[in-house]
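Let's take a walk through this one, a stop at a time. Have the model open and follow along.

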Amino acid sequence: EGKYDVVLTAETIYEVKSAGRLIECMRRLLKPSGVAYIAAKSYYFGVGGSTRQFEEQVAGLEKERRLERVGLWQDGASNVREVLKLGPVVGPA
């Protein structure tokens with residue numbers, strides 16, 4: 001438990017109902033100072049998941065870590081993609 005400094009994940013938030021399990025997995029895997037990077041589309045057509053919904057779920061379930069967007073890619077032709085960073089809360093939340 002809690003042995004990794006960094007965890008990388010991609011395309012894992014497309015199902016709204018799986019976000020809680022992903023957050024719990026990160027709790028178990030990361031050291032207290034560890035970070036997770038989540039690569040995802042801003043919105044998943046047909047299944048309803050989105051990075052905004054994931055942010056809301058993290059805010060409601062995770063008090064020891066904060067989520068922030070660290071990358072955004074828009075080419076005008078395809079879905080917007082983001083990289084989110086889940087890291088420890090440093091200073092006031």
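**An exposed ring, a helix pair and an odd phi**

Start with Phe45: its relative accessible area is 67%, so this residue counts as exposed. Keep in mind that you're looking at a predicted model.

Phe45 has a partner, Tyr43. The two ring centres sit 4.9 Å apart with the planes at 75°, and since an angle over 60 degrees counts as edge-to-face, that's what this pair is. Tyr43 comes out as partly exposed, because its relative accessibility is 36%. By the same ring-centre rule, the count of aromatic pairs comes to two.

Now swing over to the helices. Two packed helices are described by the angle between their axes and the distance between the axes. Here, helix α1 (residues 19-29) and helix α2 (residues 51-61) have axes that come within 10 Å and cross at roughly 55°. That angle makes α1 oblique to α2. As for handedness, the crossing of α1 past α2 is right-handed.

Which residues make the contact between α1 and α2? From α1 come Ala19, Gly20, Leu22, Ile23 and Arg27, and they meet Phe54, Gln57, Val58 and Leu61 of α2. Sorted by character, the residues of this contact are six nonpolar, two polar and one charged.

One last stop, back toward the start of the chain: Glu11, in the loop between β1 (4-10) and α1. Most residues other than glycine have a negative phi. Glu11 isn't a glycine, yet its phi is positive, at about 55°. With a relative accessibility of 32%, Glu11 is classed as partly exposed.

Technical notes. Residues are numbered from 1 along each chain as its sequence is written. This is a predicted model: local features need pLDDT of at least 70, side-chain atom pairs count only at pLDDT 80 or more; totals for chains, interfaces and linings use all residues. Side-chain values use heavy atoms; hydrogens and water are left out. Axes are lines fitted to C-alpha atoms, for helices over the stretch in contact, and angles run from 0 to 180 degrees between N-to-C directions. Helices (H or I, at least four residues) and strands (E, at least two) are DSSP runs, numbered from the N terminus. Angles under 35 degrees count as roughly parallel, over 145 as roughly antiparallel, 65 to 115 as roughly perpendicular and the rest as oblique. A crossing is left-handed if the near helix is turned anticlockwise from the far one by less than a right angle, and right-handed if clockwise. Contact means heavy atoms within 4.5 Å. Ala, Val, Leu, Ile, Met, Phe, Trp, Tyr, Cys and Pro count as nonpolar, Asp, Glu, Lys and Arg as charged, and the others, Gly among them, as polar. Rings of Phe, Tyr and Trp (its six-membered ring) pair if their centres lie within 6.5 Å; planes under 30 degrees apart count as stacked, over 60 as edge-to-face and the rest as tilted. Buried means under 20% relative accessible area, exposed over 50%, partly exposed in between (1.4 Å probe, protein chains only).
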